[in-house]
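Work through the exercises below with the sequence and the model open. Try each task before you read its solution.

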Amino acid sequence: MQDGQLLFSPQADLGDPDTVWFERLLAETPWREESITVYGKTHKQPRLMAWYGDPSARYTYSGLTSVPLPWSDSLLTLKERVETISDARFNSVLLNLYRNERDSMGLHADDEPELGPEPTIASLSLGEERTLYFQHNRRGAAKNLNLKLPSGSLLLMRGATQANWKHGIRKLSRACGPRINLTFRWIYQ
Ligand SMILES: O=C(O)CCC(=O)C(=O)O
Ligand SMILES: [Fe+2]
């Protein structure tokens, strides 16, 4: 991709089948409905979330510092798989559960200061296929990009991707089942 780097494995080797990982994480995760406050108004996020990592991997989000949940056996196993495939290290993971076609993620860049200047983010998708769309920060500099993320696929976002592009998951107009996405990250202290 122009002004960024994407690496995509349509079927990552996760040890167990993606369907098994999906059911396991769906059942094991203490999913939470989070809220964000924008201009003094509180909105529920249109998806469920969970945040795991090393105790030192604290994360500031909307002015709140949250301490991650300690790694579960499942997530440690997946983290090691993903580290091997992507040749990178991670100390935290954000899980998102898109319950149905109405759940989504707004356009954003993962460019918080604690991620460093050119973060490598590994994004693992399980369950229903959804489309990740990318929009360049300079209108007209590049065409929007739509990437289908099937169950078991691993997407690496590297280099200047977060500096030059925003990405998001749109709502769908047709019915769709649940999807879990995991973004493995390195948080600098
Ligand atoms: O669900 C996805 O594929 C995108 C997740 C994402 O962008 C994020 O967690 O920052
Ligand atoms: Fe993101």
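## Exercise 1: The overall fold

The protein chain has three helices and 13 strands. The model is a predicted one.

**Task.** Decide how compact the protein chain is for a globular protein of its length.

**Solution.**
1. Take the radius of gyration, which is 16 Å.
2. Set it against the globule rule, which gives 16 Å for 189 residues.
3. The two values are close, so the chain is as compact as a globular protein of that length.
4. For the outline, use the principal axes: the C-alpha atoms fill a box of roughly 45 × 35 × 35 Å.
5. Buried residues account for 29% of the 189 residues.
6. Now look at contacts between residues at least 6 apart in sequence: 78% of them join residues at least 24 apart.

## Exercise 2: The shell around ligand 1

**Task.** Which residues surround ligand 1, and which elements give two or more of them?

**Solution.**
1. List the shell: Leu-94, Asn-96, Met-105, Asp-110, Ser-123, Leu-132, Leu-149, His-167, Ile-169, Asn-181 and Thr-183.
2. Assign the elements. β6 (92-98), β12 (165-169) and β13 (179-185) each give two or more residues.
3. Sort by class. The shell has five nonpolar, five polar and one charged residues.
4. Check the record. An unreviewed UniProt entry places the feature "domain: Fe2OG dioxygenase" at residues 89-188.
5. Describe that stretch. Residues 89-188 are 4% helix and 47% strand. The C-alpha atoms at its ends are 12 Å apart.

## Exercise 3: Two enclosed strands

**Task.** Which strands pair with β11, and how many bridges join each of them to it?

**Solution.**
1. Start with burial. Four of the five residues of β11 are buried, so the rest of the structure largely encloses this strand.
2. Find one partner. β1 pairs with β11 in the antiparallel sense, over five bridges. Within this pairing, Leu-6 has Met-157 as its bridge partner.
3. Find another partner. Strand β8 (residues 121-127) runs antiparallel to β11, and four bridges join them. Here Ala-122 is bridged to Leu-156.

**Task.** Work out the pairing of β13 with β6 and with β8.

**Solution.**
1. Burial again: six of the seven residues of β13 are buried, so β13 is largely enclosed by the rest of the structure.
2. β6 and β13 run antiparallel and are joined by seven bridges. Ser-92 stands opposite Arg-185 in this pair.
3. β8 and β13 are also antiparallel, with six bridges. Leu-126 stands opposite Ile-180.
4. Put the strands together. β8 pairs with β11 and with β13.

## Exercise 4: Leu-145 and Pro-150

**Task.** Place Leu-145 and Pro-150 in the chain, then classify their exposure.

**Solution.**
1. Leu-145 lies in strand β10 (residues 145-149).
2. Leu-145 has 16 C-beta neighbours inside 10 Å, so it counts as partly exposed. The cut-offs are 20 or more for buried and 12 or fewer for exposed.
3. Its contacts, beyond neighbours within four places in sequence, are Met-1, Tyr-133 and Phe-134. Leu-145 and Phe-134 are 11 residues apart along the chain, and their C-alpha atoms are separated by 4.9 Å.
4. Pro-150 sits in the loop between β10 and β11 (154-158).
5. Pro-150 has 14 other C-beta atoms within 10 Å, so it too is partly exposed.
6. Leaving out residues up to four places away in sequence, Pro-150 touches Pro-10, Ser-125 and Glu-129. Thr-131 is 19 residues from Pro-150 along the chain, with 8.7 Å between their C-alpha atoms.

## Exercise 5: Positive phi

**Task.** Asp-3 and Asp-87 have positive phi values. Where is each found, and is each buried, partly exposed or exposed?

**Solution.**
1. Recall the background. Most residues other than glycine have a negative phi.
2. Phi of Asp-3 is near 60°. Asp-3 is found in the segment before β1 (5-9). With 15 C-beta neighbours inside 10 Å, Asp-3 is partly exposed.
3. Phi of Asp-87 is about 55°. Asp-87 is in the loop between α2 (73-86) and β6. With 9 C-beta neighbours inside 10 Å, Asp-87 counts as exposed.

Note on methods. Residues are numbered from 1 along each chain as its sequence is written. Chains are lettered from A and ligands numbered from 1 in the order in which they are written. This is a predicted model: local features need pLDDT of at least 70, side-chain atom pairs count only at pLDDT 80 or more; totals for chains, interfaces and linings use all residues. The radius of gyration is taken over C-alpha atoms; the globule rule is 2.2 Å times the number of residues to the power 0.38. Two residues are in contact if their C-beta atoms, placed from the backbone, lie within 7 Å. A residue is near a molecule or strand if its C-beta atom, placed from the backbone, lies within 6 Å of it. Ala, Val, Leu, Ile, Met, Phe, Trp, Tyr, Cys and Pro count as nonpolar, Asp, Glu, Lys and Arg as charged, and the others, Gly among them, as polar. UniProt positions are given in the numbering used here, feature names are shortened, and annotations may be inferred rather than shown by experiment. Two strands pair if DSSP finds at least two bridges between them.
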